[in-house]
Amino acid sequence: LRDNRIELVRASWHELSISVSDVSLSDEGQYTCSLFTMPVKTSKAFLTVLGVPEKPQITGFTSPVMEGERMQLTCKTSGSKPAADIRWFKNDKEVKDVKYLKEEDANHKTFTVSSTLDFLADRNDDGAVVSCRVDHESLNSTPQIAMQVLEIHYTPLVKIISSNSWPEEGQSIILTCESKGKPV
């Protein structure tokens, strides 16, 4: 093997070791060690190289969103081998029932994985943190995460609050008009 990234680590009568630095997907394949005796003895091993997924990105969010509008958030990551796993969370609670798409990259070795979260905007989601989590064996149990804070606008609800439920004639009464909406 003629490659500057390959270095002879140890050469003795009992052992021949090499190291490969800056490993790439093209390093995947079968490696053969031969002992030139009569007859020649060989040992083979197949090296599998994992493709590390790129940091995920969430697209499709426009701010603010009116309550009742449909929201479609898409999370995408490229370069994983094998294909990475994508999961959605809203305020740390996993959201199920999402679309999942796996496409082969141009190099025919790695994958682009995307997932779409589709829901109707609700006032209770205002300020919620939506996160997309990418898990892959190359990440050593440390997932990559992209986050998006939701901003939902909604029409106000108005109510009148009385200081006395059953006022009598001649008493003072305070009426308070209370409104909750976004924007204020």
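Is Asp92 buried or exposed? In this predicted model, Asp92 is exposed, its relative accessible area being 74%. The legends below begin with the whole chain and then turn to single residues.

**Figure 1. The predicted model shows a protein of strands, with 15 strands and 0 helices.**
The radius of gyration is 30 Å, well over the 16 Å expected from the globule rule for 184 residues, so the protein is more spread out than a compact globule. Along the principal axes, the C-alpha atoms occupy a box of roughly 120 × 30 × 25 Å. Of the 184 residues, 26% are buried. The exposed surface of the protein comes to about 13400 Å², and 52% of this is supplied by carbon and sulfur atoms. When contacts between residues at least 6 apart in sequence are considered, 55% of them join residues at least 24 apart. The protein carries 21 positive and 26 negative charges, and the mean positions of these two sets lie 8 Å apart.

**Figure 2. Residues 56-148 are listed by UniProt, in an unreviewed entry, as "domain: Ig-like".**
Within residues 56-148, 57% of the chain is strand and 0% is helix. How far apart are the end C-alpha atoms of this stretch? The separation between them is 12 Å.

**Figure 3. Asp92 and Asn140 are two loop residues with a positive phi.**
Most residues other than glycine have a negative phi. Asp92 is not a glycine, yet its phi is positive, at about 70°. This residue sits in the loop that joins strand S8 (85-90) to strand S9 (93-95). Asn140, likewise not a glycine, has a positive phi of about 50°. Its loop runs between strand S12 (129-135) and strand S13 (144-149). With a relative accessible area of 64%, Asn140 is exposed.

**Figure 4. Leu139 is a buried residue in the loop between S12 and S13.**
Why is Leu139 classed as buried? Its relative accessible area is 11%, and residues under 20% count as buried. Beyond its neighbours within four places in sequence, Leu139 is in contact with Val52, Pro53, Val134 and Gln144. Leu139 and Leu50 are 89 residues apart along the chain, while their C-alpha atoms are separated by 9.9 Å.

**Figure 5. Lys55 occupies the loop between S4 and strand S5 (57-59).**
Lys55 counts as exposed because its relative accessibility is 55%, and the cut-off for exposed is over 50%. Which residues does Lys55 contact, apart from its neighbours within four places in sequence? They are Lys76, Gln144 and Ile145. From Lys55 to Lys182 there are 127 residues in sequence, and the distance from C-alpha to C-alpha is 33 Å.

**Figure 6. Two peptide bonds that lead into proline, at Pro39 and Pro183, are cis.**
Most peptide bonds are trans. The bond from Met38 to Pro39 is cis, with omega near -5°. Pro39 is placed in the loop between strand S3 (29-35) and strand S4 (41-47). The bond from Lys182 to Pro183 is also cis, with omega near 0°. Where is Pro183 placed? It belongs to the segment after S15.

**Figure 7. Thr176 is a partly exposed residue of strand S15.**
The relative accessible area of Thr176 is 39%, which means that it falls between the 20% limit for buried and the 50% limit for exposed. Leaving out neighbours within four places in sequence, the contacts of Thr176 are with Lys159, Ile160 and Ile161. One of these, Ile160, is 16 residues from Thr176 along the chain, and the two C-alpha atoms are separated by 5.5 Å.

**Figure 8. Glu168 lies in the loop between strand S14 (152-162) and strand S15 (175-182).**
Glu168 counts as exposed, with a relative accessibility of 58%. How far is Glu168 from Asn4 in space? Their C-alpha atoms are separated by 96 Å, and the two residues are 164 residues apart along the chain.

Notes:
Residues are numbered from 1 along each chain as its sequence is written. This is a predicted model: local features need pLDDT of at least 70, side-chain atom pairs count only at pLDDT 80 or more; totals for chains, interfaces and linings use all residues. Side-chain values use heavy atoms; hydrogens and water are left out. Helices (H or I, at least four residues) and strands (E, at least two) are DSSP runs, numbered from the N terminus. The radius of gyration is taken over C-alpha atoms; the globule rule is 2.2 Å times the number of residues to the power 0.38. Buried means under 20% relative accessible area, exposed over 50%, partly exposed in between (1.4 Å probe, protein chains only). Contact means heavy atoms within 4.5 Å. Accessible areas come from the Shrake-Rupley method with a 1.4 Å probe; for residues, only the protein chains shown count as cover. Lys and Arg count as positive and Asp and Glu as negative; His and the chain ends are not counted. The place of a charge is taken as NZ of Lys, CZ of Arg, CG of Asp or CD of Glu. UniProt positions are given in the numbering used here, feature names are shortened, and annotations may be inferred rather than shown by experiment.
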